[in-house]
Amino acid sequence: MVKINFNDQKSRLFSIKQDSVINVSFKNVDDDGSIEIIFNSPHIVSAFKNDGNKVFQLKTVAPMSYSSYIYRFNNKYLIGYSSSENNEIYLSDFNGHLIHSFPLKGATPFSISDINNDGRFNLVTTDSEGVIYTYTLDI
């Protein structure tokens with residue numbers, strides 16, 4: 001990874017061994033006040049500090065078709081990802097342990113919110129044929 005400063009100088013931050021990076025994003029995933037760098041490849045999600053120290057690395061259950069998304073629930077972070085190849089969606093902790101009801105049917109990135117204000121989280125996604133699914137989660 002290369003850092004480019006506003007004075008047009010560049011320096012090397014760190015490098016990672018992760019094949020076929022499909023997306024890079026930035027998010028604070030450990031509540032330390034700093035932003036981590038998140039790399040997605042078809043089978044791995046990993047996060048690093050700016051100094052190159054690894055925060056987590058997760059091997060996915062199935063190949064990801066889209067970038068993962070990190071959700072926060074009651075001071076707990078979870079990773080959501082989808083596999084159009086398997087027509088399934090996944091929600092796991094940073095150690096790769098799936099949340100109790102997952103995988104669920106779906107093939108696209110999903111949104112999680114309390115869409116009907118009943119105090120419970122709802123997940124909305126579509127499957128490979130475009131059918132919309134809404135699930136109620138107990139998180």
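Two strands count as paired if DSSP finds at least two bridges between them. Strands themselves are DSSP runs of E with at least two residues, numbered from the N terminus. With that in hand, N40 can be placed opposite V45 in β5. The structure is a predicted model, so to speak of a local feature takes a pLDDT of at least 70, side-chain atom pairs count only at pLDDT 80 or more, and totals for chains, interfaces and linings use all residues. Residues are numbered from 1 along each chain as its sequence is written, and side-chain values use heavy atoms, with hydrogens and water left out.

Now for the sheet around that N40 and V45 match. Four strands line up in the order β3-β4-β5-β6, making an open sheet with antiparallel pairing. The edges belong to β3 (23–27) and β6 (54–59); each has a single partner strand, so one side of each has no neighbour in the sheet. From one strand to the next, the twist averages 15°, with axes taken as lines fitted to C-alpha atoms and angles running from 0 to 180 degrees between N-to-C directions.

What holds β4 and β5 together on paper is a set of 4 bridges between residues 36–40 and residues 44–48, and the two strands run antiparallel. F39 also has a place in this match-up, standing opposite S46 in β5. A hairpin of 3 residues carries the chain from β4 to β5. On its other side, β5 meets β6 through 5 bridges, again running antiparallel. Here I44 has K59 of β6 as its bridge partner. The hairpin between β5 and β6 has 5 residues, and G52 in that turn shows a positive phi of about 95°. As for cover, β5 is mostly tucked away, with 4 of its 5 residues buried; buried means under 20% relative accessible area, exposed means over 50%, and partly exposed is in between (1.4 Å probe, protein chains only).

Next come the rings. The structure holds 9 aromatic pairs. Rings of Phe, Tyr and Trp (its six-membered ring) pair if their centres lie within 6.5 Å, and planes under 30 degrees apart count as stacked, over 60 as edge-to-face and the rest as tilted. Y71 and F73 make a stacked pair, 6.2 Å centre to centre with 25° between the planes. Both ends of this pair are covered: Y71 counts as buried at 7% relative accessibility, and F73 counts as buried at 6%. Another stacked pair is Y77 and F94, at 6.3 Å centre to centre and 15° between the planes. Y77 sits in strand β8 (residues 76–83), while F94 is in the loop between β9 (88–92) and β10 (104–105), so this pair ties together parts that are 17 residues apart in sequence. Y77 is buried too, at 12% relative accessibility, and F94 is buried at 17%. Y71 and F73 also turn up in a wider group, as Y69, Y71, F73, F110 and F121 form one aromatic cluster.

Not every nonpolar side chain is hidden. V21, V24, F26 and I35 form a nonpolar patch on the surface, with about 340 Å² of accessible area together. Patches are made of residues with over 30% relative accessible area and no salt bridge, with like charges joined within 9 Å and nonpolar side chains (Val, Leu, Ile, Met, Phe, Trp, Tyr) within 5 Å. A salt bridge is a side-chain nitrogen of Lys or Arg within 4 Å of a carboxyl oxygen of Asp or Glu, and the areas come from the Shrake-Rupley method with a 1.4 Å probe, where for residues only the protein chains shown count as cover. Within the patch, V24 belongs to strand β3 and is partly exposed, at 35% relative accessibility.

Finally, a few backbone oddities. Most residues other than glycine have a negative phi, and most peptide bonds are trans. The peptide bond from F102 to P103, however, is cis, with omega near 10°, and P103 is found in the loop between β9 and β10. N74 has a positive phi, near 45°; this residue is in the loop between β7 (69–73) and β8 and is exposed, with a relative accessible area of 68%. N87, in the loop between β8 and β9, has a positive phi as well, near 55°, but N87 is buried, with a relative accessible area of 17%.
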